[in-house]
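Subject: The structure for you to look at

Hi,

Here is the structure I promised to pass on. Have a look around it first, and then read my notes.

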Amino acid sequence: TRLQLPIYALAARAAVGEPRAPVRAAYWFVSDRGKYEQRGYALTPEIEERFDTVLRTMLDGIEAGVFCAHPDPPRSYVHFVSCRYCDPDGLGTRDRWAEWERKKHAPELAGYLALVEPEAVSGHD
């Protein structure tokens, strides 16, 4: 998740032909109540490094044929389903979450797990 702003920032750099040009990427939220809010950040070397790590982990998983369901933790009330594949009937993620907990330490998921639950990799899970 959250790859959109780094992609936009890198695309802006590519468009101007300056690989190190300073760039800021942001979302602009517009409401019918006249509220306009921006949220974003400058593209730093640290953000670029994290983006590269995430993208490489995703590509490595795809190349290896690893497509795991990683649902949100179960909650008592959900008014929004963030992953239709994890919660296709909208009744919750309890069963999918139990499957994730059982499978997440599989060697094939090590890179992904390090991104999404670093505490699980360090043994504090």
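Below is what I found, going from the whole chain down to a few residues.

First, keep in mind that this is a predicted model.

**The overall fold**

The protein has five helices and two strands. If you walk along the sequence, the order is α-β-β-α-α-α-α.

How does the radius of gyration of the protein sit against that of a compact globule of 125 residues? The globule would come out near 14 Å, while the protein has 18 Å. You can also picture the C-alpha atoms in a box of roughly 45 × 40 × 25 Å, drawn along the principal axes.

Now for contacts. Among those with a separation of 6 or more, 36% link residues that are 24 or more positions apart.

**Surface and charge**

Of the 125 residues, 20% are buried. The accessible surface adds up to about 9,700 Å², and carbon and sulfur atoms account for 56% of that.

On the charge side, there are 16 positive and 19 negative side chains. The centre of the positive set and the centre of the negative set are 6 Å apart.

**The core**

In soluble globular proteins, nonpolar side chains tend to be buried together. Which residues form the largest nonpolar core here? There are five of them: Leu5, Ala9, Val23, Ala25 and Leu43.

Leu43 is a good one to click on. Leaving aside residues up to four places away in sequence, Leu43 touches Ala9, Leu10, Arg13, Val23 and Glu48. Two of these partners, Ala9 and Val23, are listed in that core as well.

**Two residues to compare**

Start with Thr1, in the segment before helix 1, which covers residues 4-16. Is Thr1 buried or exposed? Its relative accessible area is 87%, and the cut-off for exposed is over 50%, so Thr1 counts as exposed. Thr1 and Val116 are 115 residues apart along the chain, yet their C-alpha atoms are separated by 9.9 Å.

Then try Ala21, in the loop between helix 1 and strand 1, where the strand covers residues 24-30. Ala21 has 17% relative accessibility, and buried means under 20%, so Ala21 counts as buried. Not counting residues up to four places away in sequence, Ala21 touches Arg13 and Val16. Ala21 and Val66 are 45 residues apart along the chain, and 36 Å separates their C-alpha atoms.

Try finding both of these pairs in the viewer.

Cheers

Conventions:
Residues numbered from 1 in each chain as written. Predicted model: local features only at pLDDT ≥ 70, side-chain atom pairs only at ≥ 80, totals over all residues. Heavy atoms only, no water. Helix = DSSP H or I, 4+ residues; strand = E, 2+ residues; numbered from the N terminus. Rg over C-alpha atoms; globule rule 2.2 N^0.38 Å. Buried < 20%, exposed > 50% of the residue type's maximum accessible area, 1.4 Å probe, protein only. Contact = heavy atoms within 4.5 Å. Areas by Shrake-Rupley, 256 points an atom, 1.4 Å probe, with all protein chains shown as cover. Lys, Arg positive; Asp, Glu negative; His and termini not counted. Charge placed at Lys NZ, Arg CZ, Asp CG, Glu CD. Core = buried A, V, L, I, M, F, W, Y, C linked by side-chain atoms within 4.5 Å.
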